[in-house]
Amino acid sequence: MATNILMPALSPTMEKGNLAKWLKKEGDKVKAGDIIAEIETDKATMEYEAVDEGTIAKIIVPEGTQDVAVNSPIAVLAAEGEDVNAAASGAASTPKAEAPKASAPKEEPKKAEPAPVAKPTASAAPPAPVAAPTPAASGARIFSSPLARRLAKDAGIDIARISGSGPHGRVIASDVEAAKSGKGLKAAPAGAPMAAAAPGAAPAMTDAQILGLYEPGNYESIPHDGMRRTIAQRLTLATNSMPTFYLTVDCDLGKLMAAREDINSAAPKGADGKPAYKLSVNDFVIKAMAIALQKIPEANVSWTEAAMLRHKHSDIGVAVALPFGLITPIIRQAEIKTLSAISNEMKDLAARAKAKKLKPNEYQGGSSSVSNLGMYGIKDFTAIINPPQSSILAVGTGEERAVVRNGQIVAATMMSVTLSCDHRAMDGALGAELITAFKKLIENPVMMVV
């Protein structure tokens with residue numbers, strides 16, 4: 001019997017993707033493991049791998065199509081020996097869609113059928129479970145368990161915006177828990193207020209209200225791409241649901257700048273005459289943050305409603321600005337890596353981020369992050385925490401300032417840093433311990449190699 005090949009979810013937050021290229025055409029036979037298409041997400045380009053044998057009877061979504069909803073049919077696969085023409089017409093009208101591959105949760109004993117698997121380029125990690133389809137129209141029935149509805153109500157989340165992983169796309173309790181950290185949330189309908197807004201807060205302005213404030217012809221309307229929508233959803237959720245406080249200190253970079261110059265000048269050169277590494281101030285910042293989290297393990301945590309997750313390693317996300325948005329590739333186990341290893345790995349991650357070639361496991365998760373705007377001359381700023389992390393360090397520029405030492409005014413190279421902390425996971429005193437540990441490491445870089 002013919003089946004529909006569905007648009008896969010390649011990450012927990014993916015809601016739409018672009019069908020970049022078909023590698024098979026109508027009439028082609030495929031077998032399990034064949035690459036049939038390339039899918040573009042908001043962060044990477046992935047290869048789509050078939051899991052069943054058959055013949056491509058009909059391509060529903062042509063290549064180059066953008067914003068294809070997750071779990072919507074993109075092609076029809078005729079079974080072995082089935083009439084291809086009949087499959088193309090019959091499956092399109094009464095589709096038997098291949099369901100997401102998911103393990104059955106305890107509250108939902110039924111199991112779903114397996115779905116096509118999308119495989120990232122460069123042998124990326126397997127994709128996350130496929131999200132449920134978006135309701136066909138406003139007011140459509142949302143299938144959900146009673147527990148999920150109660151949890152969503154308590155969390156102030158519109159259950160219609162939660163992607164379900166239960167049988168036939170049903171929203172279950174674990175989906176609501178994931179939605180609290182920004183995973184699996186669908187975009188809010190145009191003109192609707194943000195569901196996660198604080199109780200009593202004024203609703204967001206609708207598109208029509210905003211456009212009414214400006215004279216037609218005096219602006220250009222640029223549609224949002226997938227990455228910008230994802231950033232907006234996650235950061236809105238973070239600011240509305242996460243109580244955050246901020247701690248700022250000034251760090252003396254005198255010893256660090258001298259050490260950096262000595263280390264870079266001593267770097268061995270390859271056959272091409274280029275040094276094996278070139279450390280930046282940000283490399284020291286990443287290493288110092290990683291070690292500080294090890295020294296203050298109570299701050300190396302992620303909040304969940306059921307428990308505090310205390311991380312064994314310091315996986316540090318580093319914000320990378322892209323022309324189309326922002327991404328935070330992660331230096332895993334940064335506390336045990338040398339400064340030169342961090343430097344080279346960060347250069348590689350940043351280059352592949354700009355080419356949209358990162359694997360999902362290279363930018364998801366992490367225990368804390370660093371955002372550095374010092375290269376733009378910014379003295380200090382506050383950064384928004386990236387859930388499910390509990391902190392982020394905002395790094396300003398290193399600049400000469402007048403400071404007082406031993407009663408004398410002298411010039412020193414200083415850098416201001418601000419730590420944003422999730423108050424659910426850490427209190428003020430704990431945050432102060434973390435940023436103080438960071439300051440000591442930055443001002444005495446020899447401690448990073450002891």
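# Notebook: strands, helices and a few odd residues

**Entry 1, the sheet with E1.** I began with E1 and strand E8 (residues 73–78), which run antiparallel and are joined by four bridges. I count two strands as paired if DSSP finds at least two bridges between them. Helices (H or I, at least four residues) and strands (E, at least two) are DSSP runs, numbered from the N terminus. I should say early that this is a predicted model, in which local features need pLDDT of at least 70 and side-chain atom pairs count only at pLDDT 80 or more, while totals for chains, interfaces and linings use all residues. Residues are numbered from 1 along each chain as its sequence is written, and side-chain values use heavy atoms, with hydrogens and water left out.

Which residue of E8 is the bridge partner of Ile-5? I found Ala-75 there. I then followed the sheet across: it is open, has four strands in the order E1-E8-E6-E3, and its pairing is antiparallel. Strand E1 (3–6) and strand E3 (29–30) are the edge strands, each pairing on one side only.

**Entry 2, around E2.** Next I turned to strand E2 (residues 16–22). Three bridges join E2 to strand E7 (residues 65–69), and the two run antiparallel. Leu-19 has Thr-65 of E7 as its bridge partner. E2 also pairs with strand E4 (residues 35–40), again in the antiparallel sense, over four bridges. Here I noted Trp-22 standing opposite Ala-37 in E4.

**Entry 3, the E4 and E5 hairpin.** How many residues lie between E4 and E5 in their hairpin? There are four. The two strands pair over five bridges in the antiparallel sense, and Glu-38 has Glu-47 in E5 as its bridge partner. I also checked burial in strand E5 (residues 45–49): four of its five residues are buried, so E5 is largely enclosed by the rest of the structure. Buried means under 20% relative accessible area, exposed over 50%, and partly exposed in between (1.4 Å probe, protein chains only).

**Entry 4, Lys-21.** I picked one residue of E2 for a closer look: Lys-21 lies in that strand. Is Lys-21 buried or exposed? Neither quite fits: Lys-21 is partly exposed, with a relative accessible area of 40%. Apart from neighbours within four places in sequence, Lys-21 is in contact (heavy atoms within 4.5 Å) with Ala-37, Glu-38 and Glu-63. I had met Ala-37 already, opposite Trp-22, and Glu-38 as the partner of Glu-47. The C-alpha atoms of Lys-21 and Gly-64 are separated by 6.5 Å, although these residues are 43 residues apart along the chain.

**Entry 5, two helices.** I moved on to helix H2 (residues 146–155) and helix H3 (residues 173–180), which pack at an angle of about 20° with their axes 8 Å apart. That angle makes H2 roughly parallel to H3. Axes are lines fitted to C-alpha atoms, for helices over the stretch in contact, and angles run from 0 to 180 degrees between N-to-C directions. Under 35 degrees counts as roughly parallel, over 145 as roughly antiparallel, 65 to 115 as roughly perpendicular and the rest as oblique.

Which residues make the contact? From H2 come Leu-147, Ala-148, Leu-151, Ala-152 and Ala-155, and from H3 come Ala-173, Val-176, Glu-177 and Lys-180. I sorted the residues of this contact into seven nonpolar, no polar and two charged. Ala, Val, Leu, Ile, Met, Phe, Trp, Tyr, Cys and Pro count as nonpolar, Asp, Glu, Lys and Arg as charged, and the others, Gly among them, as polar.

**Entry 6, backbone oddities.** I looked up three spots in loops.

- Pro-387 and Pro-388 are joined by a cis peptide bond, with omega about 10°; Pro-388 is in the loop between strand E17 (368–372) and strand E18 (391–405).
- Asn-71, in the loop between E7 and E8, has a positive phi near 75° without being glycine. Asn-71 is buried, at 14% relative accessible area.
- Gln-333, in the loop between strand E16 (330–331) and helix H8 (339–354), also has a positive phi, near 50°, and is a residue other than glycine. Gln-333 counts as partly exposed, at 31% relative accessibility.

**Entry 7, the whole protein.** I ended with the totals. The secondary structure comes to nine helices and 19 strands. Of the 450 residues in the protein, 44% are buried. Among contacts with a separation of 6 or more, 64% are between residues 24 or more positions apart.
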